[in-house]
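Trainee: Please give me a close look at the helix packing in this model. Start wherever you think best, and take the surroundings along with it.

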Amino acid sequence: MPDVFISYSSKDRAVAERVRDALAEAGYDVFWDQEIPAGTDWDTWIRDRLTGSRLAIVLWSKASIASPNVRHEAIIARDAGGLLPLMVDDLAPTDFPMGLFLVQALKVGRTQREFNWAKPKLLEEVTTRIGAPGGAAAPAPKRRSRRTRRIAIGAGVAAVLIAVLLVVFWPTLRYVIDPDAPPVAAEALRESVEREGLARERVARSAETALSGDREAIGTSWAWFAGQLISAAPEESRSFADGYFRYLATVEQPDCGCFVMEGIPNSIGNGWVITTAAQYRRPAPPRLLETILAAQHAEGWWTISLNGVRQQANAAVHATAMLTIALAEARRAGIVPPAARPRVDAAIRRATNWLNRGPEAGANWADYPNDERRSENLVFAAMATVATEIAGGTQSDQAARAFLRSVDTLPPAIEHFPSGAYVELENGERYIDNYRHPVSPWIGAASVLAYPRATASERAKLRPVIRAWLDVDLGDENLLRQDWITGETLFLRALAFRHYSPDQPATR
């Protein structure tokens, strides 16, 4: 019979081979179910080798914990007192079958480098358990006294209780042990990004369909809407992105280099034009850039229209946040003309300073903070937080602090509402700002970006919000029918996780 039996998932065969080779080189006789004679009953053969071996090694991984055979073999080995668990993947106690979680399991990893580090400890552990290869087996333990058996039984019960408590409290305990642990595991983030595929394809196709229509029918508004959708899915839109920029050339306003949407040179819409240029590292339209810089109030804010009267009642958080992000992305992409770079830097600095002047409680923030008809909502503190972090921060973190005081849960993915503010324009007209503010994308992004500066109790509130945001079903038809919300969600997810965790897979 073999010295060592190795139980593993076929998906982990490469790791099992490393373990087998290390033990075989050390002189141990190893069985790993690759040598079953033809015509032999597989179940009987495996069971005989398992029960006859001196030690059973189980390779725990995301694949093996789901394998009925590995779980069964582990239980048999545990009950026989000859189980040595090895960790291939990082697993939480809640991932294990009940009764099989061991805190001190040796990590062998998936790479050769990880295994080389663990190999000496593995051989030492095997030798301790069953003795040196070729030698006598480790002496059988003496029969325990009743008192010793009672102590052993008590220790076993205590171990089971500890395991149960770990299963129940591990999500919280993990952050007690490591307060700086990310709010979601890298694998969960990667899976969330992979699920975005359908949504990115849908918003890209929506933009392509719109741009392929008659120019007269399209009008000028697609400078905003197509740009927003393309920015949400730049790779999926690459094949027709040139068509978008050709379209811009046909609808650019000669007096300002800007684009009219819904009757005004909308600040948010023109911000999306700059953002789309940054996605493809195309030069920022110089006249549009000049118009945006000239439209900023000395205090740092913009209003909804680039030709809005620069009076305090017109100061708008959403417009300021969007243009701050657009300029920061243009700067990051290197598309700002060198001569304009100092002015862009100064504009971003003024904007982030202004964005951090809101009330103590994020729930009391409003899009138009100086307007008596303002609508208060946490989303505006979230917008200020996101823009500040993407732009590189500022001396004050008032927006993030206010957001953290009020954030509680993630609103529904399709929730939105209008400000309904009246904005005076330079031509003497009055514009009603009925732009529908999406809520969930900004609160999700702000939760990610504010997480590093949050306290332990605030992080405990943020984690379920962040996980809920990652779990949003972007393939839901109700959401996909509102492409602009889907696009804003995809874009902000890309920004948030690029900024927070640059080593994670990009979402764009």
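Mentor: Start with helix α1, residues 13-25, which lies across four strands: β1 (4-7), β2, β3 (55-60) and β4. Its direction is at about 150° to β3. Helix α3, residues 68-79, packs on the sheet as well, and touches β1, β3 and β4. The angle between α3 and β3 is about 140°. Bear in mind that this is a predicted model.

Now the sheet itself. It is open, with five strands in the order β2-β1-β3-β4-β5, and the pairing is parallel. The edges are β2 (30-31) and β5 (106-107), each of which pairs on one side only. Look at the β5 edge. Strand β4 spans residues 83-87 and pairs with β5 in the parallel sense, over two bridges. Met87 has Lys107 of β5 as its bridge partner.

Next, move along to helix α12, residues 267-279. Two helix pairs there deserve the close look. Two packed helices are described by the angle between their axes and the distance between the axes. Take both values for each pair.

The pair of α9 and α12 comes first here. Helix α9 covers residues 222-232, and its axis comes within 8 Å of that of α12. The two axes cross at roughly 40°. Roughly parallel would need an angle under 35 degrees, so α9 and α12 are oblique to each other. The crossing of α9 past α12 is left-handed. On the α9 side, the contact uses Ala223, Trp224, Gly227, Gln228, Ile230 and Ser231. These meet Ile268, Gly269, Trp272, Val273, Thr275, Thr276 and Gln279 of α12. By type, the contact of α9 with α12 holds six nonpolar and seven polar residues, with no charged ones.

Then take α11, residues 241-251. Its axis and that of α12 come within 11 Å, crossing at roughly 140°. Roughly antiparallel begins over 145 degrees, so α11 and α12 are likewise oblique. Helix α11 passes α12 in a left-handed crossing. Here Tyr244, Phe245 and Leu248 of α11 meet Val273, Thr276 and Ala277 of α12. This contact divides into five nonpolar residues, one polar and no charged. Val273 and Thr276 are on the α12 side of the contact with α11, and both are also listed in the contact with α9.

Two backbone details flank this region. Most residues other than glycine have a negative phi, and most peptide bonds are trans. Glu262 has phi near 55°, a positive value, and is not a glycine. Find Glu262 in the loop between α11 and α12. Arg281 is not a glycine either, and its phi is positive at about 55°. Arg281 lies in the loop between α12 and α13 (286-295).

One covalent link remains. The structure holds one disulfide. Cys256 and Cys258 form it, with their sulfur atoms 1.8 Å apart. The link of Cys256 and Cys258 is left-handed, at -70° about the S-S bond.

In short, α12 is oblique to α9 and oblique to α11. Neither the contact of α12 with α9 nor that with α11 includes a charged residue.

Notes: Residues numbered from 1 in each chain as written. Predicted model: local features only at pLDDT ≥ 70, side-chain atom pairs only at ≥ 80, totals over all residues. Heavy atoms only, no water. Pairing = 2+ DSSP bridges. Contact = heavy atoms within 4.5 Å. Axes fitted to C-alpha atoms, helices over the stretch in contact; angles between N-to-C directions. Parallel < 35°, antiparallel > 145°, perpendicular 65-115°, else oblique. Left-handed = near helix turned anticlockwise from the far one by under 90°. Nonpolar A, V, L, I, M, F, W, Y, C, P; charged D, E, K, R; others polar. Disulfide = S-S within 2.5 Å.
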